[in-house]
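I opened this model to look up its cysteines, its sheet and its pockets. My entries follow in the order in which I checked things.

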Amino acid sequence: MLDYNFDREYYKSYGYVCGTDEAGRGPLAGPVVAAAVILPDGCVIDGLDDSKKLTEKKRERLYDIIKEQALAYAIVEVSPEEIDELNILAASLTAMRRAVAIVKETVEPAVVLIDGNQQTDFGIPSFTVVKGDSISQSIAAASVLAKVYRDRLMMRLAEEYPGYGIEKHKGYPTPDHKLAVYELGASPIHRRSFLSFLERDRDKLEAALRKKRAKEAGLE
């Protein structure tokens, strides 16, 4: 449950607090997305929580409320190509730095709160907060913005790249998604560095594909 006094203590000690979080570290496809948010001191957004604990309907409602109430916010994508070049951790931190840099153009934060335990340089004081999206309101707000933005993006990409079931799994490594990549090959939005399972699980995937085709042919 969010502690609405958590960010306030940083406001008292530093000034404007910027929370940042990412969505999409685990998927096989699509970008990783980071958001950064500065909320007014003392702001209380009813129902706000870690985006993973909220229903899609609640996240969608909060998305607009957060943007309306924020003093500043930014949402940034890092592409599959850049993920493959950097690695996913570095890409996630890069997305966060870029989001905070955009926020700084509107409101200069005094401190950044980062979800997780990985530190990076924002040019101002920053603190990692393990499970921060369940503790800090500004981090939770960033988690909602990143999650909703990415889910909407993946729904659009599902139309561009049909057959992978992206509209269902948003690019995450479900068995059906892995089988689709094995059957159809990787699309332009797949992260090549995440596809080692194609070789590692080849026998299992081949068996699943034979079973799928037999079912489609009415032989099972």
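**Entry 1: cysteines.** I began with C43, which counts as buried because its relative accessibility is 9%, under the 20% cut-off. I kept in mind that I was reading a predicted model. I then asked which cysteine sulfur is nearest to that of C43. It is the sulfur of C18, 14 Å away, and C43 is in no disulfide. I looked up C18 as well and found it buried, with a relative accessible area of 0%. A disulfide is a covalent bond between the sulfur atoms of two cysteines. My search of the whole structure for such bonds returned 0 disulfides. For C18 the entry reads the other way round: the nearest cysteine sulfur is that of C43, at 14 Å, and C18 is in no disulfide.

**Entry 2: the sheet.** Next I traced the strands. I noted an open sheet of 5 strands with mixed pairing, in the order β3-β2-β1-β4-β5. Which strands are at the edges? They are β3 and β5 (126–129), each of which pairs on one side only. I recorded an average twist of 20° from one strand to the next.

I went through the pairings in turn. β2 pairs with β3 (residues 72–78) in the antiparallel sense, over 7 bridges. Within that pairing, I found I75 of β3 to be the bridge partner of A35. β1 and β2 are also antiparallel, with 6 bridges. β1 and β4 (residues 111–115) run parallel and are joined by 4 bridges. I marked T20 for its two neighbours: T20 stands opposite A36 in β2, and T20 also stands opposite I114 in β4.

**Entry 3: strand β2.** I wanted to know how many residues of β2 (residues 32–38) are buried. The count is 7 of 7, so the strand is largely enclosed by the rest of the structure. I then sorted its side chains by direction. V32, A34, A36 and I38 point one way, while V33, A35 and V37 point the other way, and all are buried.

**Entry 4: largest pocket.** Rolling a probe the size of a water molecule over the atoms shows where empty space is left. I took the largest pocket, with a volume of about 510 Å³. I listed 21 lining residues, of which P175, D176, K178, L179 and A180 are the closest to the pocket centre. Three helices each supply at least two lining residues: α6 (166–169), α7 (175–184) and α9 (202–216). Which element gives the largest share of the lining? I found that α9 does, with 6 residues. By class I noted 10 charged, 7 nonpolar and 4 polar residues in this lining.

**Entry 5: second largest pocket.** I then turned to the second largest pocket, which holds about 210 Å³ of space. It is lined by 13 residues, and those closest to its centre are E22, A23, G24, K52 and Y172. I looked for the elements that give two or more residues to this lining and found β1 (17–23) and α5 (137–160). β1 provides the largest share, 3 residues. By class I wrote down 8 charged, 3 polar and 2 nonpolar residues.

**Entry 6: cross-reference.** I flagged β1 as an element that appears twice in these notes. β1 pairs with β2 in the sheet, and β1 also contributes to the lining of the second largest pocket.

How values were computed
Residues are numbered from 1 along each chain as its sequence is written. This is a predicted model: local features need pLDDT of at least 70, side-chain atom pairs count only at pLDDT 80 or more; totals for chains, interfaces and linings use all residues. Side-chain values use heavy atoms; hydrogens and water are left out. On a 1 Å grid over the protein atoms alone, a cavity is a set of points where a 1.4 Å probe fits but cannot get out, and a pocket is an open set with protein on both sides within 12 Å along at least five of seven lines; lining residues have an atom within 4 Å of a point. Grid points are joined across faces, edges and corners, and a volume is the space filled by probe spheres set on the points. Ala, Val, Leu, Ile, Met, Phe, Trp, Tyr, Cys and Pro count as nonpolar, Asp, Glu, Lys and Arg as charged, and the others, Gly among them, as polar. Buried means under 20% relative accessible area, exposed over 50%, partly exposed in between (1.4 Å probe, protein chains only). Two strands pair if DSSP finds at least two bridges between them. A disulfide is a pair of cysteine sulfur atoms within 2.5 Å. Axes are lines fitted to C-alpha atoms, for helices over the stretch in contact, and angles run from 0 to 180 degrees between N-to-C directions.
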